[in-house]
Amino acid sequence: MQQDARTENVILVRFGEIALKKQNRGEFERRLVHNMKNVLPQGAKVRRESGRMYVTAVGNEEELLSRLRRVFGIVSLSPALRVPVDDERIAAAALQVAEAAAGESDGEFTFKIEARRADKTYHRTSPDINQWLGAHVLRNVPGLSVDLHEPDLRLQAEIRPDGAYLMGRVVQGPGGLPVGSSGRALALLSGGIDSPVAAWYMMKRGLKMEAVHFHTPPFTGPRAQKKAEDLAARLAPSNDGMVLHLFHFTSLQEKISRNCPERLSLSVMRRTMLRAAERLAQHRGIGALVTGESLGQVASQTLENLIVTNASVDMPVLRPLVGLDKDEVVQRARSIETYDISIRPHEDCCTLFVPAHPKTRPSLPEVLRAEDNAALNFPENPEEMFMSLEFDARGDLRHNGADPRR
Ligand code: ATP
Ligand code: MG
């Protein structure tokens with residue numbers, strides 16, 4: 001293999017599960033590369049090589065890491081110095097990594113070398129490399145000592161046919177499968193805490209999501225819509241971009257409020273949202289819906305209500321949060337950085353129109369009767385009821401105001 005004589009800053013990308021799926025491996029790797037490229041700045045290069053990927057860093061390394069950290073399929077990332085397989089160059093790069101890490105600490109600093117010889121033609125074995133580089137670092141960086149069990153720095157040295165890689169940090173990725181490798185689904189995205197987390201979990205399993213937000217102007221204002229937009233933008237880097245449909249729900253909501261018995265109006269509203277989402281999904285060629293419901297969390301999420309809601313559509317409804325506690329959802333919302341957006345105050349159609357005491361155990365026949373009375377017709381052409389925004393994988397608004405396919 002040809003070697004590049006320069007010292008280069010690269011980011012090593014480790015990916016997990018996709019390496020196991022033998023038949024689909026090539027396709028999954030291509031998708032991962034594609035998704036990574038879309039979050040990176042123009043000009044960044046991604047190189048694939050025997051179960052690893054390398055990003056040639058252009059621009060600020062921390063910025064690159066924080067973008068790549070959101071890409072599903074990535075297990076972990078390490079900024080690396082890549083040098084030719086030459087003892088002098090390797091030793092110098094090891095010092096550079098050790099000095100950089102030690103420089104950030106105050107007081108005692110311990111390290112350990114973890115060598116891997118992937119190129120068996122290299123003249124030192126892994127234990128030899130450990131000793132050699134360990135001694136070299138000890139001699140040249142003052143104040144350092146070795147700790148083989150819990151070192152502050154695990155200095156990894158990988159000798160590969162195309163070069164030697166020296167690394168001092170491991171940044172966790174989100175794991176999962178590359179988005180787009182499992183198909184597409186439509187998430188019902190309120191402005192709340194749960195639904196963005198639900199969408200995130202499905203992306204993690206490789207679904208490329210679109211989102212629909214039901215808004216009820218003038219009862220819900222621009223702030224509610226902005227929340228949905230900001231959530232969509234925040235999720236976009238994990239989803240290789242995001243299309244957000246804003247569904248004009250006012251006339252349907254008014255009919256429900258006017259014509260349904262108050263205690264059943266919440267069940268009818270949920271069913272109507274799901275039916276509208278199903279229409280929209282069919283129109284977009286999407287085969288499944290995703291909601292943020294969790295069993296028993298609120299009155300509308302009793303098993304009876306979930307059964308009644310589910311019966312309104314034929315399409316499968318995925319509910320990845322169904323078995324999670326609120327605490328767990330909140331923790332996840334914080335880690336994926338949707339929480340701060342979700343807790344911004346706003347007027348939500350659900351809180352505005354929800355009765356004080358919704359029925360927790362409605363029967364399907366009574367809900368169907370209430371729904372018939374409300375005469376909830378959808379227009380022939382679903383496009384009359386929504387407009388769409390499109391965010392790119394960097395979270396920037398690409399397209400505003402119409403069907404993004406046109
Ligand atoms: P969230 O925190 O996601 O708002 P929630 O705990 O408030 O959920 P509900 O209000 O019962 O629960 O909503 C249940 C699910 O219905 C939401 O997770 C979301 O998927 C969907 N949903 C509710 N309101 C809207 C809306 N205005 N637009 C789109 N989807 C909605
Ligand atoms: Mg809500």
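Below are worked exercises on a predicted model of one protein chain.

Local features need pLDDT of at least 70, side-chain atom pairs count only at pLDDT 80 or more, and totals for chains, interfaces and linings use all residues. Residues are numbered from 1 along each chain as its sequence is written, and side-chain values use heavy atoms, with hydrogens and water left out.

**Exercise 1. Describe the chain as a whole.**

Step 1. Take the secondary structure. The protein chain has 14 helices and 16 strands. These are DSSP runs, numbered from the N terminus: helices are H or I with at least four residues, strands are E with at least two.

Step 2. Take the extent. The C-alpha trace spans about 85 × 45 × 35 Å along its principal axes.

Step 3. Take burial. Of the 406 residues, 54% count as buried. Buried means under 20% relative accessible area, exposed over 50%, and partly exposed in between (1.4 Å probe, protein chains only).

Step 4. Take the contacts (heavy atoms within 4.5 Å). Among those with a separation of 6 or more, 78% join residues 24 or more positions apart.

**Exercise 2. Find the largest nonpolar core and its best-connected members.**

Step 1. Fix the term. A nonpolar core is a set of buried Ala, Val, Leu, Ile, Met, Phe, Trp, Tyr and Cys residues joined through side-chain atoms within 4.5 Å.

Step 2. Read off the core. The largest one has 35 residues, and Met203, Met209, Met242, Leu244, Val290 and Phe391 have the most contacts inside it.

Step 3. Assign elements. Those giving two or more residues include β10 (184-188), β11 (208-215) and α11 (326-335). Helix α6 gives the most, with 6 residues.

Step 4. Zoom in on Met203. Leaving aside neighbours within four places in sequence, Met203 is in contact with Phe72, Leu177, Val179, Met209, Leu235, Ser238, Asn239 and Met242.

Step 5. Look for another core. A second, separate core of 32 residues includes Phe214, Ile256, Leu264 and Leu376.

**Exercise 3. Place leucine 252.**

Step 1. Leucine 252 sits in helix α8 (residues 250-259).

Step 2. Its relative accessible area is 1%, so leucine 252 is buried.

Step 3. List its partners. Beyond neighbours within four places in sequence, leucine 252 is in contact with Phe247, Thr272, Leu376, Asn377, Phe378 and Met385.

Step 4. Compare with a remote point. Methionine 53 is 199 residues away along the chain, and the two C-alpha atoms are separated by 50 Å.

**Exercise 4. Pick out the unusual backbone.**

Step 1. Recall the norm. Most residues other than glycine have a negative phi, and most peptide bonds are trans.

Step 2. Check the peptide bonds. Proline 217 and proline 218 are joined by a cis bond, with omega about 5 degrees. Proline 218 lies in the loop between β11 and α7.

Step 3. Check phi. Aspartate 240 is not a glycine, yet its phi is positive, about 50 degrees. Aspartate 240 is found in the loop between α7 and β12. Its relative accessibility is 16%, so aspartate 240 counts as buried.

Step 4. Take the other case. Glutamate 337 has a positive phi of about 65 degrees. Glutamate 337 lies in the loop between α11 and α12. With a relative accessible area of 35%, glutamate 337 is partly exposed.

Methods:
Chains are lettered from A and ligands numbered from 1 in the order in which they are written.
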